[in-house]
Amino acid sequence: MGKPVINLALDSGAFSAWSLGRTINLDEYISFIKTNEAHIEHVVNLDKIAPGNPEVAAAEGMKNFYTMKDAGLNVIPVFHARENLKWLVEMCDASNYVGLSQTSLVSPTEGHLFYDICYSYLTDKEGRPLVKTHLFGDTSPKSLMTYPATSADSATWMIQAGRAARVKFQGRAIQLKSSKIRDTSYISDDDSGPKRQSWEEEMRMLGLNPDKVMTIKTTPSEMAMIRSYMVAADLLRFRERTRVCTKYKRTANLIKTKRAGEGQERTEPIKILFVLSPSAYYFNLPLVLLLGVSDVLVSYFYVANAPTKFWPERLVPFLYEPLEYCMKHDKVKRYMDKMLECMLQPPDLKNPMRKPSFL
C-alpha cells in the first residue's frame, strides 16, 4: 500500500469525551491503533481529564501512557495546565515528543504563563528546545511566535468559518456572507471604494476570485467550506512567519528545576495539524487537497462514534490517494468543484505536496 501522502496524527479525544460525559476504553484505543498503525504517523496518549483534581488525573494519564508504551506503541504524553512539574520531568525522561495542553484555562494570560513555565524547563540556557513539543488546540499568533514548538493543532479553521461565519483578512476578523446580524466588520458585494479594494486584494492573494466568492450561489455548508478555505489559507500563510521563532527568548528563571542538556533549534516552520471532523469530511478533505496540506489530526473518540465506513472507506483511502478519492466520491467532488469555481486558477492537484500559490 505504500506510505500515506497525508500524515495523520491520532488524538484520543479524551477532552471531547469528558465534555460530553463519556469515557474512552483504553484497551479498545490500543487495539484500534495496533490494527491501523500503518496509516498513523503519531499517536497521542489517552490522558485523564479532571480539572478539579489535576494530580489524580496526571497519575492516571501516566499510567495509561506506560500501558500504551508497553503495548509497543510510540506515544506522545500530554502535560496539562495545573499539573505538578514533576509530571513534565517524567514525560521528558520517557519520550522525546511531549504535548502541552492549556485548554482547561480560560484566560489567554494564564495559558501563556503555563507555556512560560514549560519552556523555561524545556529549553537550554540559549532558549533552544531540548525535546519536541506539540501545542494542543492552539494556533494563536502569539503562541506560535513566542514558543519554539515543533507542532500545533487547531479546529479553528472550521469552527471560526462555520459557527462564527468569520474569516481573517490582514489579521482582522471579518464576517462574510452570513445570515447572522451584520456587525461593523461585515463585508458585502455592495461595498465600494477602499473597503472593497481591500478585501478584493486579500481574496486574490489567497488565490480566490472575489467576484465569484461574493456572488456564487451556495448552500450554508458550501459557504462554510469557502470561509474555511480562507481561514486555513491565512493560517498557512502565517505559518511561514514562524521560521523566526526557533528559540524561547524569555529565559528568565521562572522555575528552580531546569532540564539539563544542549538543545536544537527548529529549522522549519512549525508544523500545523489541521483537525478533521467526520461529520464534515465532505468539505474538509477537498480543502486539504486544494491547499496542499500535509498534516492532519483526527480524534479517536469521534472516529469511534462516526459511521463505520468513515475510517476504512473515506479517511484511509484519502490519506494514500487524495486526488483519486476526491474525484471518485460524488459528494466530496461536488464540494471540491464548488470550491474550484471560486479560485483564480486550479492548483496542480496531481502534486498534493505542492505549496499553495499564495506562499
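Which residues lie nearest the centre of the second largest pocket? In this predicted model, they are T150, R239, E268, P269 and K271, out of 33 residues that line the pocket.

**The second largest pocket**

The volume of this pocket is about 730 Å³. Two elements, α10 and β11, each give two or more residues to its lining. The largest share comes from β11, with three residues. By class, the lining holds 14 nonpolar, seven polar and twelve charged residues.

**The largest pocket**

The largest pocket has a volume of about 1,300 Å³. It is lined by 48 residues, and S154, A155, T156, I159 and V275 are the closest to its centre. Several elements contribute two or more residues to this lining: the helices α1 (14-19), α7 (156-162) and α10, and the strands β4 (78-80), β7 (151-154) and β12 (295-299). Helix α10 thus appears in the lining of the largest pocket and also in that of the second largest pocket. The lining of the largest pocket divides into 22 nonpolar, 17 polar and nine charged residues.

**Cavities**

The model has three cavities of 30 Å³ or more. The second largest cavity encloses about 80 Å³ of space. Its lining consists of A9, H42, V44, I76, Y97, H134, F136, S151, K271, L273 and L297. The elements giving two or more residues to this lining are β2 (42-44) and β11 (271-275). Seven of the lining residues are nonpolar, three are polar and one is charged. K271 lines this cavity and is also among the residues nearest the centre of the second largest pocket.

The volumes and lining classes are set out below.

| Space | Volume | Lining by class |
|---|---|---|
| Largest pocket | about 1,300 Å³ | 22 nonpolar, 17 polar, nine charged residues |
| Second largest pocket | about 730 Å³ | 14 nonpolar, seven polar, twelve charged residues |
| Second largest cavity | about 80 Å³ | seven nonpolar, three polar, one charged residue |

**Packing of α10 against α15**

Helix α10 (residues 220-239), which contributes to both pocket linings, also packs against helix α15 (residues 330-341). The two axes come within 10 Å and cross at roughly 60°. This angle makes α10 oblique to α15, and the crossing is right-handed. On the α10 side the contact is made by S221, E222, M225, I226 and Y229, and on the α15 side by R334, Y335, K338 and M339. These contact residues divide into five nonpolar, one polar and three charged.

Technical notes: Residues numbered from 1 in each chain as written. Predicted model: local features only at pLDDT ≥ 70, side-chain atom pairs only at ≥ 80, totals over all residues. Heavy atoms only, no water. Axes fitted to C-alpha atoms, helices over the stretch in contact; angles between N-to-C directions. Helix = DSSP H or I, 4+ residues; strand = E, 2+ residues; numbered from the N terminus. Parallel < 35°, antiparallel > 145°, perpendicular 65-115°, else oblique. Left-handed = near helix turned anticlockwise from the far one by under 90°. Contact = heavy atoms within 4.5 Å. Nonpolar A, V, L, I, M, F, W, Y, C, P; charged D, E, K, R; others polar. 1 Å grid on protein atoms, 1.4 Å probe; cavity = no way out; pocket = protein on both sides within 12 Å on 5 of 7 lines; lining within 4 Å. Points joined across faces, edges and corners; volume = space filled by probe spheres on them.
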